[in-house]
Amino acid sequence: MMQVVGSTTEQFIYVASKDRRFNINEILVIEDRVHGDIKGEVVETTSFNRYIPMAGEKNGFVDRNTLEFMRQVGFSIEDESTHIARVRILDMLTSPVEVGSSVRLPAFDEVRELLVKRGPHQGLNIGVILGTEEVSKGMPDELCDIAYLFEKSRGILPQNGVPFIFDYQAMSEYPHIGIFGGSGSGKSFGLRVILEELMKKRVPAIVFDPHFEMEFNNPMDGIPDNFKEDFSRYYEVFTAGRDIGIDFTELTQEDLVNILRASGGSISESMENAIRTLYKRKDTFTTFRDRLIDLSDALDLGKDRILRMMRDGGMAPEEVARFAGYQALIDAYGNAVPYSGTVKAILWRLNNVARENLFQYNIGPILKAIKSRKTCVIRGSSLWVLTVFSSYLIKNLYSRRRRYRDSEFSGEAVEKFPPFVVATDEAHNFAPRSTPSPSKDVIREIAQEGRKYGVFLILATQRPALLDDTVTAQLNTKIIFRTVRSVDIATIKEETDINPDEAARLPYLASGTAFISSAITGRTTAVRVRASKTVSPHAINPFEELERDYTTEDDRLKQLILREMPLYMGNLRSVLERVNEELGMTYTRDEIVETIHDLVASGQARIEKTPLGEMISEVKV
Amino acid sequence: MEDGLKEILKGINSILREKRDAKPSKMVMRQAIEDKLGNIVRVNPGSKADWIKSILVVDGSFNSYGSSFPYIINFFRSLALFSSGNERIFLNDIYMPLLDMESFQDEDGEDVMKDIRDRRMAEMEVEAAIEGIKRFGASLVVFDGGFLRYEDKAKDVFEDYRELCREAGAVSVGVIEEIGTFDMARKLRDGLGYPVEDDRELLFGVLEPYEILEVRDEMQFKRGLYTVFARPSMHPNPVAYDFFEEDKGRALEIVRFLISLTPAESRGIPLILDIVDSEAKIRSDEVEALVDSFLDKDIKEGLFRPQRDRRFGL
């Protein structure tokens, strides 16, 4: 029997039970005489046994012996357990809950509205709501077996509760998702699950992949067939500077300034002015770079010297043309850009970008993929390449979408462009709180305005405190995994409706468990994120990889050598050739000799002296 | 602190220091005890005689509400907890001198009330024990406190109880945490050449853990009773166990068993007594709640509410 005890308020009550242990986050129904049935959520649980008091100054630790003798005369120690739950009332009440009210577990239908807002086909299946194990027994079939769970030591586990189905369509009203959590908290894995679900719904997405982990073609081990999914047709991986890049001719002054700023850490005001002055519409990378080189040379020579040389004459015609060009440059830009140092600094930055081959490609392949409702995974050779490219890409796609949406009102003929999602891990690098970043402005703009145009952000970070606060404030759904740093917890407390009990649990959340605080659900829900259907390519522990890949390499070599036996130490060359050919490796003679010695040492082979030199033969067991 | 108080405390400390330094060594004390009082036996904790099948544990508490005599309400509660099935017998009572003024003719009201209160408390504990034996038939009854109090304050009912135990074959023991007697100390004082104040001081730290002092018959000082001393835990405090004379033969077994029920890290009384004590306790907030719920406000304010409740939070 469960009963309301102690003193109550209209928001919090205590429920006690002799025989039933409470589960955190489970929903209980309080049968209140005045208010009728009220729902509440368990936010804290305690159990105590008055036969086994707390060890303290007053009473020492109760040893097993003492309890054993109490049992021997018939005391049943276990019967004296009392379980207490602190329960947060989910309904709006105007007066306190009646003390003494009976409490029971709800039937599924009573909490359906509260827990499942959307059918599994209408929303994203993120995981299982904690504390719903018992209530899920009365759940309809369509909600069962759709969210398997994963535990490191136990592998795939069955779904043990009501699924958490995120109503992603409501993002049009409450846009953007933040995913926060420290390393090992399950944050990246949560991002993966959301991306899988978005792919299933064929929502076009741009995913920046700083860690090279966003592949969706390695199925998770041990998942049941009905849970498997082939995502290979739904996503494409692009690498900036390899198959995609920045179309220089499409850049604006602003873009160029941003790109060059990111490529060299920072730029001075005079450099910025110089870029704006020197960059001309329709410039290609080459025309712009040549202009910079020439101007730099011209400034080095100096106006006077150029004039003098022109006047002195005696130059070849192409020389004359060159100096005429210098003069024209100086006339045009000499006042705005008087020092060659400024130009050289710009050139250095421009070359940095060019060296990454960023200007050799364009975003055509991405546009195509987005229009066919795919997820585009974007990589870069380094974080700065990725941020430079991301700022350009997001801006470009966002303005395409914007132009298209605006044209629907203006009647202008603009190419159709679909709504899309921008997702990234390490979001604090893309929109940092206090330092500038090339992508910050556009992310901020999408955070504030994206909803209107159907452009949404999914920003994952382990340092929410370092994320730009305008952006943070616009994340209407926050998925919060284990967080240890107090500054981050403070930010989370400020930016979400999680209560102090939940905040206190943040540092101890199990990996893969998160609080989802969302304007869409209107409350904070504790969720265990489902098993992902796919795993990241380097989910393999590097040490396991060492065992798996490199032991076999070694073993295969040994097998091959054994097959070659008997062999003579004096004639290893042909063995070496065959082995290398078969294994596609380049073992040296010394390595082969070493392996032969290993085989002898482990008793798999033996050496005999023969007239033809040392003969190695296999020892058959 | 005031200088005056400091000086006084320092003075007291030096007197006590001197006395303490003069205390004979543990060996000397033990020798004297064994010579004059009885045997010191060491037992192994962790034993239960077969005949002890179930136990009944008894305790009581009282609390009061009110201003000054006779505007006082006394609340009593006694509890007998029976081991099998954790069965409980609670007895509750209230005593108000205001409704019993003929008991307070010309004597000092406070004293009389205290006496009535002590009697009622002792009676209720014994009554709970009687009820427990009748209902459950325990083989061992454990009281929190010595038997002298019951003989003194609840003579008749305690005699009935003793009779009932004889018939039912139940053995009773009273566990005394705070030894308040000084009979043994007096007997040893001269021989030791040291003024031991009381029995507690005599035994404190002298017995080793799990040692029992079996006091010889001629040295027993409570008439009709039989008392054993022991150090039942690591704590140096000695504990006394009262038995009826007729149960003397079982005393050692019972003390061994009670030591088994005493956590080694505790201050020396069986865990179950602590539990019964806290369950029986009438807490002040409980009293307040009862008074608030069942007395009309004007009656409560006019007659009983202590003036100190009305003080500002100082």
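A polar contact is a pair of N or O atoms within 3.5 Å; within protein, one atom must be able to donate a hydrogen and the other to accept it. The exercises below use this cut-off on a predicted model.

**Exercise 1. Describe the interface of chain B and chain A, beginning with how many residue pairs are in polar contact across it.**

Step 1. Applied across the interface of chain B and chain A, the rule gives 4 residue pairs in polar contact, both residues being at pLDDT 80 or more.

Step 2. On the chain B side, strand E2 (55–66), strand E3 (72–82), helix H8 (251–260) and helix H9 (271–280) each supply at least two of the residues that touch chain A. H9(B) gives the largest share of that side, 4 residues.

Step 3. Sorted by class, the side of chain B that touches chain A holds 12 nonpolar, 10 polar and 6 charged residues.

Step 4. Chain B brings 28 residues to the contact and chain A brings 20 residues. Between them the two chains bury about 1,700 Å², with 63% of it on carbon and sulfur atoms.

Step 5. The count of salt bridges between the chains is 1. Arg88(B) pairs with Glu80(A) in a salt bridge, and their closest N and O atoms are 2.9 Å apart.

**Exercise 2. Check the length of helix H11 of chain A against the expected span, then place Leu393(A).**

Step 1. Helix H11 runs over residues 383–410 of chain A, which is 28 residues. The expected span is 1.5 Å times one less than the number of residues, so H11(A) should span 40 Å.

Step 2. The end C-alpha atoms of H11(A) are 39 Å apart, which agrees.

Step 3. After H11(A) comes Gly411(A), with a positive phi near 80°.

Step 4. Leu393(A) is in helix H11 of chain A. Its relative accessible area is 0%, so Leu393(A) is buried.

Step 5. Beyond four places in sequence, Leu393(A) is in contact with Ile206(A), Phe208(A), Ile363(A), Ile366(A) and Ile378(A). From Leu393(A) to Asn362(A) the C-alpha distance is 9.8 Å, with their positions 31 residues apart in sequence.

**Exercise 3. Decide whether Ser185(A) is buried or exposed, and list what surrounds it.**

Step 1. Ser185(A) sits in the loop between strand E11 (177–180) and helix H3 (187–200) of chain A.

Step 2. Buried means under 20% relative accessible area. Ser185(A) has 0% relative accessibility and therefore counts as buried.

Step 3. A polar atom of the Ser185(A) side chain lies 2.6 Å from the backbone oxygen of Gly182(A).

Step 4. Leaving out residues up to four places away in sequence, Ser185(A) touches Phe481(A), Arg482(A), Ala510(A), Ser511(A) and Gly512(A).

Definitions and conventions: Residues are numbered from 1 along each chain as its sequence is written. Chains are lettered from A and ligands numbered from 1 in the order in which they are written. This is a predicted model: local features need pLDDT of at least 70, side-chain atom pairs count only at pLDDT 80 or more; totals for chains, interfaces and linings use all residues. Side-chain values use heavy atoms; hydrogens and water are left out. Buried means under 20% relative accessible area, exposed over 50%, partly exposed in between (1.4 Å probe, protein chains only). Contact means heavy atoms within 4.5 Å. Buried area is the accessible area (1.4 Å probe) that two parts lose on being put together, summed over both. A salt bridge is a side-chain nitrogen of Lys or Arg within 4 Å of a carboxyl oxygen of Asp or Glu. Ala, Val, Leu, Ile, Met, Phe, Trp, Tyr, Cys and Pro count as nonpolar, Asp, Glu, Lys and Arg as charged, and the others, Gly among them, as polar.
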